[in-house]
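Okay, can everyone see the screen? I'll walk you through one protein chain, a few spots at a time.

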Amino acid sequence: MTPAFTATDHVHMARALRLAEKGAYTTKPNPMVGCVIAHGDEVVGEGWHERAGEPHAEVHALRAAGERARGATAYVTLEPCAHTGRTGPCSEALIAAGVARVVAAMRDPFPQVDGAGFVKLQAAGIEVASGLMEAQARALNRGYLSRIERGRPWLRVKLATSLDGRSALASGESKWISGEASRLDVQHWRARAGAIVTGAGTVLADDPSLTVRLHDDTAFVAPLRVVLDPGLATVARGRVREGDAPTLYLHAPDAKPPRGFAAQHAAVPMHEGLIDLEAVLKLLAERGVNEIQLEAGATLAGAFLAGGWVDEVLLYVAPVLLGESARPLFDGLGIEAMKDKLRLDLVDVRRIGEDTRVLLQPRPPQ
């Protein structure tokens, strides 16, 4: 039975979700969490999880509330933790503060929590209700939930396209299809990713740096740069290893890094001469990556899409035409009949400078 939530409950949870989103660039690999502590309509404390290893949202909110937390309701976007990691259990902090009620948007599927926080709160005589605005909470932490529940990160493909659906000229040249405003917008999506993944072909053609470049003082944790390079053919290209952001090369088991090669690297299985993409996703999940942003050419983008690994497509459509000889967005889909077309759901559309940004999610197979 779904608990009955009041209009006041909805207002406070909506605020908690907005607070949680403030940690989008800094909490990884932890989830984003917000907390509001209130007596009725009056908010007495609020906070959000700002960075992994630092106090959780509930602790910040309790500190702000002080003695006024006693007898209050705590609204939190994710079940309070019940275990000791780099910080203490938030469920125990709420109990010690004397809150009377806890409203959570959703249960935390992390094995060391997964209902244990609720049990601990209820055992202390605190009223617990869960499920308020759960869909919004799940969307906020889609990367974290993907890693915990599916054992793989949420995969977003970033692409820029002309009006005729082309991602690069036949020569491979693609700088720049989209405008400056779109390229700045991409930096914010990069900042929330745990890893930016590309292929050897893109590194050889463009020598990208794959770093986050924000033109303000916004704090972020630099995403891991990952190069899928079976034969380590790109190790002479240095921009992807410049700067403070870490870089990881994933290669075939029989590839030998050159002498003196200091970058991180790991072998992954091959399948019919190609890197096993499922193994790549599993490896990155084990390294705590919640969200991947794939920035690659049509071949690798098409391989991930054809394999059913793409969760989201971030598409910047520029008002230009590149012609029939230019390269497509995705290669290798093998669609020959209209009944086999891949359907995508439109999530969001907005104008970014002269371009149009379209966010889509592939529909699950029937």
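Let's start in the middle of a sheet: A38 has T73 in β3 as its bridge partner. Before I go on, keep in mind that this is a predicted model. So, A38 and T73 are one spot where strands meet, and if you zoom out, β1 and β3 run antiparallel and are joined by four bridges. Now look at another neighbour of β3. That's strand β4, residues 101-104, and here the pairing is parallel, again over four bridges. If you want a residue to click on, Y75 stands opposite V103 in β4.

What covers the two faces of strand β3, or rather, which residues are buried on each side? On one side you have T73 and Y75, on the other A74 and V76, and all of them are buried.

V76 takes us to the next stop, since V76 is one of the residues in contact with E58, once you leave aside the sequence neighbours of E58 within four places. The others on that list are C35, L78, P80, C90 and L94. E58 itself is in helix α2, which covers residues 57-65. Why do I care about E58? Well, the unreviewed UniProt entry has an "active site" annotation on E58. Is E58 buried or exposed? It counts as buried, because its relative accessible area is 4%, and the cut-off for buried is under 20%.

Next up, charges. Side chains of opposite charge can pair when their charged atoms come close. Searching the whole structure turns up 19 salt bridges. My first pick is D311 with R150, where N and O are 3.0 Å apart. These two come from distant parts of the chain, 161 residues apart: D311 is in the loop between α10 and β15, while R150 is in helix α6. D311 is buried at 9% relative accessibility, whereas R150 is partly exposed at 42%.

Then there's K339 with D340, whose closest N and O atoms are 3.3 Å apart. Here K339 is exposed, at 70%, and D340 is partly exposed, at 38%. Another pair is R357 with D348, at 3.5 Å from N to O, and R357 is buried, with 8% relative accessibility. There's also a whole network of salt bridges, linking R142, R156, R192, E291 and E312.

Okay, helix α10, residues 298-306. Its buried residues are A298, L300, A301, G302, F304 and L305. After α10 comes G308, with a positive phi near 80°.

That brings me to backbone oddities. Most residues other than glycine have a negative phi, and most peptide bonds are trans. So where do we find exceptions? L210 has a positive phi, near 55°, and E272 has one near 55° too. L210 sits in the loop between α8 and β9 and is buried, at 4%. E272 is in the loop between β12 and β13 and is exposed, at 75%. As for the peptide bonds, the one from K28 to P29 is cis, with omega near 10°. P29 is in the loop between α1 and β1.

Last stop, the surface. I335, L342 and L344 make a nonpolar patch of about 240 Å². I335 is in the loop between β16 and β17, and counts as partly exposed at 37%.

That's my tour, thanks for listening!

Technical notes:
Residues are numbered from 1 along each chain as its sequence is written. Side-chain values use heavy atoms; hydrogens and water are left out. UniProt positions are given in the numbering used here, feature names are shortened, and annotations may be inferred rather than shown by experiment. Buried means under 20% relative accessible area, exposed over 50%, partly exposed in between (1.4 Å probe, protein chains only). Contact means heavy atoms within 4.5 Å. Patches are made of residues with over 30% relative accessible area and no salt bridge: like charges are joined within 9 Å, nonpolar side chains (Val, Leu, Ile, Met, Phe, Trp, Tyr) within 5 Å. Accessible areas come from the Shrake-Rupley method with a 1.4 Å probe; for residues, only the protein chains shown count as cover. A salt bridge is a side-chain nitrogen of Lys or Arg within 4 Å of a carboxyl oxygen of Asp or Glu. Two strands pair if DSSP finds at least two bridges between them.
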